[in-house]
Every structure is written in C-alpha cells, then in structure tokens.
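Me: Please take a close look at how one pair of helices packs in this structure. I should like the crossing, the contact residues and their chemical classes set out, and then placed in the context of the rest of the chain.

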Amino acid sequence: MDHFSVVQSIIRSGLGGDQAGMEKQVQRLLTRLEKAGQQKEAVTIRRLLSSSAEIREITPSRVEVSRSIVTGEELTPDTNPPIDRETGAQLCTIEFPGELATVPVYEQNVREAIQGLLDEWSNPEALRCVEVEPTRSLLIFGPPGSGKTMTARHIAQRLGLPLVIARIDGLISSFLGTTARNIANLFDFANRYTCVLLLDEFDALAKQRDDPQEIGEIKRVVNTLLQNLDLRREHGVTIAITNHDRLLDPAVWRRFETHVHIGEPNLEASTRLVKRFLLPIKPDDALVIIIAYCLEGRSGADIQRICTSLKRTLALSGQAHNGQGVFHALSAVLARLPSHDHFPAKLLAADPEAFISLITNDSNLSLKQSDISAATGYGQSKISEIKKAKRHLALMEVSNG
Ligand SMILES: Nc1ncnc2c1ncn2[C@@H]1O[C@H](COP(=O)(O)OP(=O)(O)OP(=O)(O)O)[C@@H](O)[C@H]1O
Ligand SMILES: [Mg+2]
C-alpha cells in the first residue's frame, strides 16, 4: 500500500487523541499524494481538511488564561484612557470582550501558530516545568487586508481580555519629546490594567533609527519603545502589527518573541473564505472552488469585497442563486474590476468558454465534468467540446506576451 507509513502515523495520532498531530500527518499525506500526481485523492483529502477547519472556525471556545500571564487592575467602561497633554487626544481606545465572533480563516501553519500561543497562555505551568515562560509578545506582519487586526481582536476575545488599542495618530506629536512621553504613558496605562496591548500600524513608531529622512526624534522614540517593551514583559501580552516589516528597526524586531506572517490565503483557505462571505448563498462545492480559483492571490478583505459585489449583482440579475446565475454574476463582477494579472480571472471576465476550457484541462483542480456543468450551466456535451478545443491555450500565449 502506498504511503502506508503516513497512514500509520495518522492512525496513531487519531487513536491517541492528538488532533493537532493528526492534522499534521494528514497534511503530509496530502503533500505526498500531490507529489505522486494522485490529484483526485489529493482533492478529496484537501476537502476533508477544509471542512474540519470550518467546523472549528464556527465554534470557537474561550481560553482560560492563567492569571500569572496578565496582572493588574480590572479595566471598566468608566476607566479613562490616557491623553496627550498638549492636544487632549486619546492615546488609545479600549475594546471589551463580547460574544465570540467567528474565527479568522487561516492556512494551517498560521492556525497552528495562533493555537500554540493560546495553549501557552492557558497552561503556563507546563512550560515552567522546563523552565520557560509563555510568549508574551507577538509581532504579526503581512500584506494589507490579510486579517492581521482581526487576528489581534480574535486573540483578545479568546482570552476574554480587554484590548487596549494604541492610537498612532494620538501618540505621534509634532512637539519634541512629546511622542516619547506619550508612549511611556500608554505603556504605564497598559501595565496598570489586565489587558492585551495592541500596537497596530507599528512601523509608524518603530522605524529604523538609521532612516536618513529622520533625525534625532525618531531615535528617541525607538529607544523609549525598546525600554517600554522590555518592561512590559512582566505585565502582560503585547501584539504589534505591521505591513512593512522591512521598515522596522532590527532591535525592535528582536523584542518580539514570536513572529507570525499572515499572507494571502492559499486555495484551500480562499475556498473557506468564499463560502463564508457568500452566505446566505450556498453554491455547490465545485462552484465555490471555481470562485476561489479566480480569486487566487487576493487578500481576505478583497475576497470579502468581491463576494459582496457578486451577491449584489446576482440579486439584481433575477437569476437562480446557484450554478449558471452565480457563474454569470462572477464573470460580470470580474469584468468590472480594475485590470488584474491573474490569468483565470482575466479569462473569465473576457471569455467564459475559454475559462471553462482552462478549468476542464487543469488537472490540479480535478473537477468532474458533471460538476463543471452544474456550476456553469453549460451542458455536458458542450463542456466536452470546449475541453477538446483548448481555446484557452492561444489566449494564454497572448497573455504571456
Ligand atoms: N483571514 C481572514 N479571515 C476572515 N476574514 C478576513 C481575513 N482576512 C481579511 N478578512 C476580512 O477582511 C477584513 C479586514 O481585515 P483586517 O482589517 O484584519 O486586515 P489587516 O491585515 O489588518 O489589513 P491592513 O494591513 O490593511 O490593516 C476583516 O474584517 C474580515 O472581514
Ligand atoms: Mg489592520
């Protein structure tokens, strides 16, 4: 039997109740199937992984955070946030944990990194047996709209802690020395109370000290930041977020124990995002995969925006909310978007039949002709004809220049 050793590892983790280990082994099996060219089996496994992730995303649970991780007084809605003494601007806003929202959609490695942190915070004693402390500082980086801010909110929610969100515009002052003082006041406030401190758009504060555009003030600001980040370790969890990780001063970068990169979603994660954002419309799986395939390389926020547009277009078209209706609406929405480089999307916007030729000939997608027929509204014999003609090839050559 092929891949027997991996199957054995899956069974071992499953019987031992090790969910995370089992998922890792299933992922290994998936990689091996893909390498061996067993696309049909790979697609089946990918779907199983995806539906198990979906179940966890809609049923998040709160994590019991150990009180040794976060110390301080309780924040209440009456607590006044600190302000800039010159302008009176607030240095932060405070969000209190409410109902648990659905979990952001992640690729497996990001999901594991976030879950790993939650595990550390709920069980620091296990770590202390081997004389290590739980992570208290996390730097999240990645492109715009990938769910970084959403992740910080999600972490605070899962921990059941208020989130103190630094207001970068409030912190930065044109008066010499005031920015540094504001930073110190913000950290004093966060250290006094039980909370998660969030420094969003962190690069605005933590720019490299050797930036030739900047002079003395930025050095002073970064040094204050470094000192305060060091002191904060005793008090609670800090999350910083940036889109521009290359701009960060290396010394600041080192202050964060864990770095998590949230990039554009892969096909599996995009599929789950499309499913989520199209609700209450529930297209068949093949159609969801086709939509995700067209949106490859786009961020979660883009996928949300495009799905909303698709729903609007569909609602006004008077067509059925599945198959042909959704397929037409997708083509119309893609045609209206500003020009994009992703070939499948370009093709569907311009020439739906050539697009069908592409997907019927793409073995990575591994969609049955009957499913493509249901998803697009084209009859099966027409699909076979389009597949044979391979019209997409000529267009692909033109597109590659
Ligand atoms: N991974 C994801 N899972 C679920 N929803 C997502 C995801 N990524 C983006 N979104 C959607 O896009 C919205 C914007 O995401 P968010 O503000 O967290 O992105 P960001 O990475 O912080 O972007 P920016 O760098 O522009 O601040 C979210 O509120 C959510 O609706
Ligand atoms: Mg953000």
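**The contact of H15 with H19**

Reply: Helix H15 passes helix H19 in a right-handed crossing. This is a feature of a predicted model, and the description that follows should be read accordingly. The residues that make the contact are Phe-343, Lys-346 and Leu-347 on the H15 side, and His-392, Leu-395, Met-396 and Ser-399 on the H19 side. By class, this contact of H15 with H19 comprises 4 nonpolar, 2 polar and 1 charged residues.

The geometry of a helix pair is given by two quantities, the angle between the axes and the distance between them. For H15, which covers residues 343-350, and H19, the packing angle is about 120° and the axes are 11 Å apart. The two helices are therefore oblique to each other. The assignment follows because the roughly perpendicular class runs from 65 to 115 degrees and the roughly antiparallel class covers angles over 145.

The approach to H19 along the chain has a backbone feature of its own. Lys-390 lies in the loop between helix H18 (380-389) and helix H19 (392-399). Its phi is positive, at about 45°, although Lys-390 is not a glycine. Lys-390 has a relative accessibility of 40% and so counts as partly exposed. Ser-366 likewise carries a positive phi, of about 50°, without being a glycine. Ser-366 is located in the loop between helix H16 (352-361) and helix H17 (369-376).

A second packed pair is formed by helix H11 (residues 267-278) and helix H13 (residues 300-317), whose axes lie 9 Å apart at an angle of about 40°. That angle makes H11 oblique to H13. H11 passes H13 in a right-handed crossing. On H11 the contact is made by Ser-270, Leu-273, Val-274, Phe-277 and Leu-278, and on H13 by Gly-300, Ile-303, Gln-304, Cys-307, Leu-310 and Lys-311. Divided by class, the residues of this contact are 7 nonpolar, 3 polar and 1 charged. After H11, the peptide bond from Leu-279 to Pro-280 is cis, with omega near 10°. Pro-280 is found in the loop between H11 and helix H12 (285-294).

A third pair is made by helix H8 (residues 178-192) and helix H9 (residues 216-232), whose axes come within 9 Å and cross at roughly 10°. H8 is therefore roughly parallel to H9; angles under 35 degrees fall in that class. The crossing of H8 past H9 is right-handed. H8 contributes Thr-179, Ala-180, Ile-183, Ala-184, Phe-187, Ala-190 and Asn-191 to the contact, while H9 contributes Glu-217, Arg-220, Val-221, Thr-224, Leu-225, Asn-228, Leu-229 and Arg-232. The contact of H8 with H9 has 8 nonpolar, 4 polar and 3 charged residues.

Two loop residues add to the picture. Thr-79 lies in the loop between helix H3 and strand E1 (92-95), and its relative accessibility of 14% means that it counts as buried. When neighbours within four places in sequence are left aside, Thr-79 is in contact with Ile-94, Phe-189 and Tyr-193. Ala-36, in the loop between helix H2 (19-35) and helix H3 (39-58), is partly exposed, with a relative accessible area of 47%. From Ala-36 to Cys-195 the C-alpha to C-alpha distance is 49 Å, and the two residues are 159 apart in sequence.

These elements belong to a protein chain with 19 helices and 6 strands. The C-alpha trace spans about 75 × 50 × 40 Å along its principal axes. Of the 401 residues in the chain, 48% are buried. Among contacts between residues at least 6 apart in sequence, 73% join residues at least 24 apart. The accessible surface of the chain comes to about 19,700 Å², and carbon and sulfur atoms account for 52% of that surface.

Key:
Residues are numbered from 1 along each chain as its sequence is written. Chains are lettered from A and ligands numbered from 1 in the order in which they are written. This is a predicted model: local features need pLDDT of at least 70, side-chain atom pairs count only at pLDDT 80 or more; totals for chains, interfaces and linings use all residues. Side-chain values use heavy atoms; hydrogens and water are left out. Axes are lines fitted to C-alpha atoms, for helices over the stretch in contact, and angles run from 0 to 180 degrees between N-to-C directions. Helices (H or I, at least four residues) and strands (E, at least two) are DSSP runs, numbered from the N terminus. A crossing is left-handed if the near helix is turned anticlockwise from the far one by less than a right angle, and right-handed if clockwise. Contact means heavy atoms within 4.5 Å. Ala, Val, Leu, Ile, Met, Phe, Trp, Tyr, Cys and Pro count as nonpolar, Asp, Glu, Lys and Arg as charged, and the others, Gly among them, as polar. Buried means under 20% relative accessible area, exposed over 50%, partly exposed in between (1.4 Å probe, protein chains only). Accessible areas come from the Shrake-Rupley method with a 1.4 Å probe; for residues, only the protein chains shown count as cover.
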